[in-house]
Amino acid sequence: MQVTELNDVKVYNLSAGKSLPQFLEEARKKSKSLRYNEDFKKRIDIIQDFEFNIASGRVAVSPDGEYIAATGIYPPEVRLFEMRELGMKCSRGLNSEVVDFRFLSDDYRKLVFLLEDRTVEFHAQYGYHHRLRVPKVGRSLAYDSESCTLLVGGSSAEVVRLDLEVGTFQAPIPLQSLTEVHQVVVNPTLPVISCAGDQGFVESYDLRDTTKPLRTLRVADAEDAELPMAVGIAGDHVTCCAYSPNGMYFAAGTASGMVRVFDIRSSRPLSQRDHMNGFAIRSVSFHARGPDSKDLLVGSADKRSVKIWEAASAQITASIESKFTINQLVFYPKSGMFFTANDNQRIGVYFAPSLGLAPTWCSFLDSITEELEEGSKKVVFDDYQFVTTDDLEQMGAKELIGTKFLQPYMHGYFMDHRLHAKLKAALDPFRFEEYRKERIRQRIEAKRTMRVRVKTGKKVDVNQALHQKLQMEAEEGETEGASKKRKEAASRAKALLNEERFKAIFEDADFAIEERVSGAQVQSALAEALPSGIGVGKAKKKRKG
């Protein structure tokens with residue numbers, strides 16, 4: 001997992017790193033188990049097998065949010081993923097590469113694909129259902145659920161219509177100013193379609209009467225036409241477009257890298273954002289931070305970067321860059337997660353906590369990112385040393401003020417602790433040797449016991465020897481470097497000295513301990529007790545007799 005930060009907004013790349021097959025291949029070559037691989041243990045696989053052999057072309061989320069469909073190569077195939085299981089539900093092979101596809105139902109049961117060979121292929125729950133061909137090469141699909149009409153735009157000056165309820169072709173929609181169509185979109189609340197194409201125009205039509213356009217909106221300026229062509233497309237071409245969920249805002253991206261947002265009631269742009277990298281905009285979509293949020297965001301993607309910004313002010317919110325070519329950008333509704341189809345095996349999965357909460361099927365991402373945020377805040381200045389201007393002058397490092405080696409903070413600066421240690425060592429080269437000797441002396445003194453012990457505590461009248469012995473044991477256990485055996489003896493000695501139930505041992509004469517009598521003391525006591533003239537040896541013989 002990689003982290004990208006812009007203006008204190010973090011975006012977590014959940015698809016960074018190696019895939020499981022790559023880990024297995026590396027382990028096989030090195031003959032090492034994956035249990036010892038730190039990168040493998042720290043990986044995060046949100047959705048299993050969320051990848052293709054070569055690259056991914058398109059990604060879409062079902063209207064009910066329970067399924068994700070993705071197309072890729074090679075061979076051409078579509079993979080369906082179930083979010084409740086966090087894995088792939090099924091995979092279906094196709095005859096040609098997919099240009100675009102749509103969900104025709106709330107779940108995965110009805111799908112339609114536009115293929116490169118001018119084929120429109122319908123799939124049901126059981127798989128392939130029907131296939132037909134359109135007159136011209138198609139580039140975009142759109143579906144109006146109210147009238148069950150499928151719209152196909154492509155390299156011609158008309159939009160093909162198919163009535164899916166009746167199962168017949170309808171009369172195509174002739175375009176007035178456009179000679180080709182790059183994308184067709186349907187307004188989610190009004191029976192209106194918009195076609196983005198060449199010459200910088202977007203034409204909109206009412207599906208109830210398609211004889212003449214409702215409006216022709218000019219998105220690209222005359223200055224855009226003078227820009228160099230990007231991948232064979234002139235700068236004034238409108239390459240992609242999208243409606244907001246409420247149908248009141250419209251966004252369009254041009255081949256010059258400019259994205260403009262319009263209120264459908266006005267022809268003047270509400271805001272605009274330039275990617276400033278010379279690449280054509282490939283995908284644009286709207287996004288809301290949450291179910292109750294009124295902040296509307298716009299996500300735009302060219303082949304190298306993704307920018308997410310506010311629709312009203314064009315203020316950048318989040319941004320990422322990719323070393324692989326990006327083909328499409330898709331947001332997961334009402335969350336902070338979005339996907340990118342790119343020319344890489346793994347489909348891009350990103351999570352930005354500032355855009356919203358994690359989806360319910362991967363709510364654990366919120367706790368993971370919170371722990372990462374808390375952990376990063378605790379160690380912000382752990383490796384830095386605070387110094388003042390006087391300290392810098394003493395170390396002879398005032399020349400570092402204004403450079404990257406000092407970070408201003410309050411009345412001083414933060415300096416890397418390694419640089420600070422080097423400057424202090426250069427200032428006094430013999431200081432470390434003195435410090436080392438002082439530490440050695442302190443450790444030796446701590447281990448030494450006092451030659452003459454100072455008697456502490458009150459004087460006792462009974463069992464003075466025992467009291468003195470217990471005091472010595474308690475003092476020896478408190479010395480630095482004492483053994484475990486001495487510490488245990490010290491704890492027992494303190495218990496005898498301090499507890500009330502043992503207080504009578506040193507106060508009451510009845511608890512006096514009789515000391516052991518030596519042999520000389522016994523002989524002297526016998527000599528005093530026997531009559532004079534009888535020795536101790538004779539007394540023993542007499543006793544035996």
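In this predicted model, strand S20 and strand S21 (residues 258-263) run antiparallel and are joined by 5 bridges. On its other pairing, S20 meets strand S19 (residues 238-243), again in the antiparallel sense and over 5 bridges. From there, this briefing moves on to the nonpolar cores, the aromatic rings, the salt bridges and some backbone oddities.

**Strand S20 and its partners**

- S20 covers residues 249-254, and 5 of its 6 residues are buried, which leaves the strand mostly covered.
- Towards S21, Gly-253 stands opposite Val-259.
- The hairpin of S20 and S21 has 3 residues between the strands, and Gly-257 takes a positive phi near 90 degrees there.
- Towards S19, Phe-250 of S20 is the bridge partner of Tyr-243.
- The hairpin of S19 and S20 has 5 residues between the strands, with Gly-247 at a positive phi near 75 degrees.

**Nonpolar cores**

- The largest nonpolar core holds 25 residues, and the members that touch the most others are Met-337 and Phe-339.
- Four strands give two or more residues to this core: S3 (55-61), S4 (67-73), S28 (337-342) and S29 (348-351).
- S28 supplies the largest share, with 3 residues.
- If you click on Met-337 and set aside its neighbours within four places in sequence, you will find contacts that include Leu-14, Phe-331, Tyr-332, Val-349 and Phe-351.
- Other contacts of Met-337 on that list include Pro-359, Trp-361, Cys-362 and Leu-365.
- Another core, of 15 residues, lies apart from the largest one, and its members include Val-11, Ala-301, Leu-329 and Tyr-350.

**Aromatic rings**

- Across the whole structure, a search finds 10 aromatic pairs.
- Phe-50, Phe-81 and Phe-339 are linked by ring pairs into a cluster, and Phe-339 is also one of the two residues touching the most other members of the largest core.
- Two arginines sit over phenylalanine rings: the charged end of Arg-218 is 4.9 Å from the ring centre of Phe-201, and Arg-79 lies over the face of Phe-52 at 5.1 Å from the ring centre.

**Salt bridges**

- The count comes to 14 salt bridges.
- Glu-66, Glu-82, Arg-84 and Lys-89 are linked in a network of them.
- Within that network, Glu-82 and Lys-89 form a salt bridge whose closest N and O atoms are 3.8 Å apart.
- Glu-82 counts as buried because its relative accessible area, 12%, is under 20%, while Lys-89 is partly exposed at 38%.
- Arg-208 and Asp-206 form another salt bridge, with the closest N and O atoms 3.0 Å apart.
- Here Arg-208 is exposed, with a relative accessible area of 67%, whereas Asp-206 is buried at 13%.
- In the salt bridge of Arg-441 and Glu-438, the N to O distance is 2.6 Å.
- Both of these residues belong to helix H7 (residues 431-447), where they are 3 residues apart, about one turn of the helix.
- Arg-441 is partly exposed at 44% relative accessibility, and Glu-438 is partly exposed too, at 33%.

**Backbone oddities**

- As background, most peptide bonds are trans, and most residues other than glycine have a negative phi.
- Tyr-74 takes part in two cis peptide bonds: one joins it to Ile-73, with omega about -10 degrees, and one joins it to Pro-75, with omega about 10 degrees.
- Tyr-74 is found in the loop between S4 and strand S5 (77-82), and Pro-75 is in the loop between S4 and S5 as well.
- Met-276 is not a glycine, yet its phi is positive, at about 55 degrees.
- You will find Met-276 in the loop between strand S22 (269-274) and strand S23 (283-288), where it is exposed, with a relative accessible area of 72%.
- Ala-314, also not a glycine, has a positive phi of about 65 degrees.
- Ala-314 lies in the loop between strand S25 (305-310) and strand S26 (316-321), and at 11% relative accessibility it counts as buried.

Terms used: Residues are numbered from 1 along each chain as its sequence is written. This is a predicted model: local features need pLDDT of at least 70, side-chain atom pairs count only at pLDDT 80 or more; totals for chains, interfaces and linings use all residues. Side-chain values use heavy atoms; hydrogens and water are left out. Rings of Phe, Tyr and Trp (its six-membered ring) pair if their centres lie within 6.5 Å; planes under 30 degrees apart count as stacked, over 60 as edge-to-face and the rest as tilted. A charge sits over a ring if NZ of Lys or CZ of Arg is within 6 Å of the ring centre and within 35 degrees of the ring normal. A salt bridge is a side-chain nitrogen of Lys or Arg within 4 Å of a carboxyl oxygen of Asp or Glu. Buried means under 20% relative accessible area, exposed over 50%, partly exposed in between (1.4 Å probe, protein chains only). A nonpolar core is a set of buried Ala, Val, Leu, Ile, Met, Phe, Trp, Tyr and Cys residues joined through side-chain atoms within 4.5 Å. Contact means heavy atoms within 4.5 Å. Two strands pair if DSSP finds at least two bridges between them.
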